[in-house]
Amino acid sequence: MSYGYDLTPEELVEKDRQNLWHHLTQHKIFDSTEPTIIVEGKGCIIKDARGREFLDCVSGGVWCVNVGYGQESIAKAVYEQLKKMPYYALSAGNPPAIKLAEKLVSLLPGTAKSYISNSGSEANEKAFKMSRQYFRLKYPNKDKYKIIYRHRDYHGTTFAALSATGQDERRMGFEPLVPGFVGIPAAYCYRCSFGKSYPGCNMECARALEDVILSEGPDTVAAFIVEPITAGGGILVPQAEYFQVIQEICQKYEVLLILDEVVCGFGRTGKWFGHQHFDVSPDMITMAKGMASSYMPISATVCKPHIFEQFINDPADTFAYFRDISTYGGSAGSCTAALENIKIIEEQNLVERVKEMGNYLLESLKELAGFPVVGEIRGKGLFAGIELVEDRSTKVPVSEAYMGKLLSIIASQGVLVGRMNRSVPGFNNVVTMAPMYIVSKEELDRMVGAIKKALETVQR
Ligand code: PMP
């Protein structure tokens with residue numbers, strides 16, 4: 001195969017060093033280490049240019065190749081579609097986009113329309129734009145435009161999505177960000193911002209939403225965006241009542257509720273969507289990564305009927321359509337990949353499998369609870385985190401150096417896990433795991449064994 005596969009490993013490394021700007025990477029490390037170059041994948045195993053194999057427990061690095069590598073039916077379906085009709089703008093429909101839109105709505109009872117784009121950031125941008133325009137149409141004399149977000153949640157890399165991201169290290173250097181975005185504390189019992197403990201905390205973290213709406217002025221607030229389970233911010237699973245309180249507050253002040261399902265969507269947590277673990281009915285749901293298991297880039301913003309209807313019922317008829325476009329959004333090949341991916345998840349009963357294997361994973365991780373550095377183990381489905389601390393009573397996070405060492409010892413055993421991104425300076429202390437839905441018990445055992453050995457080694 002050509003397109004780079006005709007190059008030797010040495011040539012790949014050399015050309016990579018010369019020309020490729022890696023994401024989220026301080027390139028000085030390549031003075032002393034080689035860039036990793038991934039060339040192949042099959043099932044849960046990836047191979048690098050040097051021929052080394054790794055058990056990929058982060059589903060493509062960022063929790064997205066959920067059905068695993070080598071799903072030929074996706075490749076074939078996309079190939080056939082591209083031959084037939086690769087692209088036409090989504091101002092016109094196309095058969096895969098129509099079928100996908102219907103499928104998304106059927107997976108999310110109560111929703112009515114799917115707006116298709118290309119990335120998680122973009123799906124969230126659309127949700128913000130829909131929220132702002134929705135209220136401008138509904139209340140022309142009000143200025144209901146602000147978006148509330150939570151600390152530690154991540155919503156994307158583009159400017160508005162970043163402005164809604166509660167992770168300092170992602171935002172540093174890019175200011176000024178977009179005006180009108182306001183943060184509230186995370187739902188994070190292990191480090192409660194209010195110094196309380198659950199139960200008996202009165203869900204202060206959720207009630208903080210009301211305080212902010214009131215201090216900003218309810219007539220100025222358009223939407224609240226939230227991850228069902230905070231992913232990159234440390235795998236934070238809220239308590240059962242959290243979303244009930246959130247929903248009540250949103251309804252009371254007519255604030256739209258946007259659920260960012262970019263990571264949790266399509267089965268990752270053992271339900272089709274993460275918010276389905278809770279008693280909540282969002283106005284908009286955004287999704288990306290697991291939608292086509294990243295075989296093709298695709299995302300969507302799915303909304304309830306009242307959102308869409310506002311855009312066709314404008315008496316003044318000035319803004320009476322959603323003033324947004326995305327060239328590649330809804331391209332026939334991407335929609336085909338998503339449809340085939342969803343078919344695999346359905347036909348192989350993978351959501352149920354994630355639930356079972358997730359229970360097995362969380363049970364297996366308990367084996368690590370005795371290590372003095374293990375502060376908390378948490379997760380849902382095939383999505384888990386281990387928060388590491390220097391001291392269990394003070395909860396001081398382990399250092400960057402500790403995390404680096406731990407992960408490299410795990411990788412040296414041929415296993416790839418992740419870590420919380422350095423979202424809050426000093427807090428890079430969560431080992432994260434998001435294995436593929438097809439992972440076996442033996443592979444999970446291998447992963448837990450590799451983490452255990454690394455914890456023992458660093459302890460010594
Ligand atoms: N939302 C969440 C919860 C995410 O984790 C991410 C990506 N990590 C995004 C949005 C942004 O997605 P993308 O990188 O596709 O723009």
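In which sense do strand E8 and strand E9 pair, and over how many bridges? E8 (residues 256–260) and E9 (residues 284–287) are parallel partners, joined over three bridges. The model is predicted. This briefing covers two sheets and the packing of helices.

**The seven-strand sheet**
- This sheet is open, has mixed pairing and follows the order E4-E10-E9-E8-E7-E5-E6.
- Strand E4 (113–117) and strand E6 (181–184) stand at the edges with a single partner strand each, so one side of each has no neighbour in the sheet.
- From one strand to the next, the twist averages 20°.
- Leu259 has Ile285 in E9 as its bridge partner.
- Helix H9 (residues 204–216) lies across strand E5 (146–150), E6 and strand E7 (221–226). H9 runs at about 145° to E6.

**The four-strand sheet**
- A second open sheet has the order E11-E12-E15-E14, and its pairing is antiparallel.
- Its edge strands are E11 (374–379) and E14 (418–419), and each pairs on one side only.
- E14 and strand E15 (residues 430–433) run antiparallel and are joined by two bridges.
- Arg419 stands opposite Val431 in E15.

**Two packed helices**
- Helix H4 (residues 72–84) packs against helix H12 (residues 332–347) at an angle of about 150°. Their axes are 9 Å apart.
- That angle makes H4 roughly antiparallel to H12, because angles over 145 degrees count as roughly antiparallel.
- The crossing of H4 and H12 is right-handed.
- H4 brings Ser73, Ile74, Ala77, Val78, Gln81 and Leu82 to the contact. Residues from H12 include Ala332, Gly333, Thr336 and Glu340.
- The contact of H4 with H12 holds seven nonpolar residues, five polar and one charged.

Notes: Residues numbered from 1 in each chain as written. Predicted model: local features only at pLDDT ≥ 70, side-chain atom pairs only at ≥ 80, totals over all residues. Heavy atoms only, no water. Axes fitted to C-alpha atoms, helices over the stretch in contact; angles between N-to-C directions. Parallel < 35°, antiparallel > 145°, perpendicular 65-115°, else oblique. Left-handed = near helix turned anticlockwise from the far one by under 90°. Contact = heavy atoms within 4.5 Å. Nonpolar A, V, L, I, M, F, W, Y, C, P; charged D, E, K, R; others polar. Pairing = 2+ DSSP bridges.
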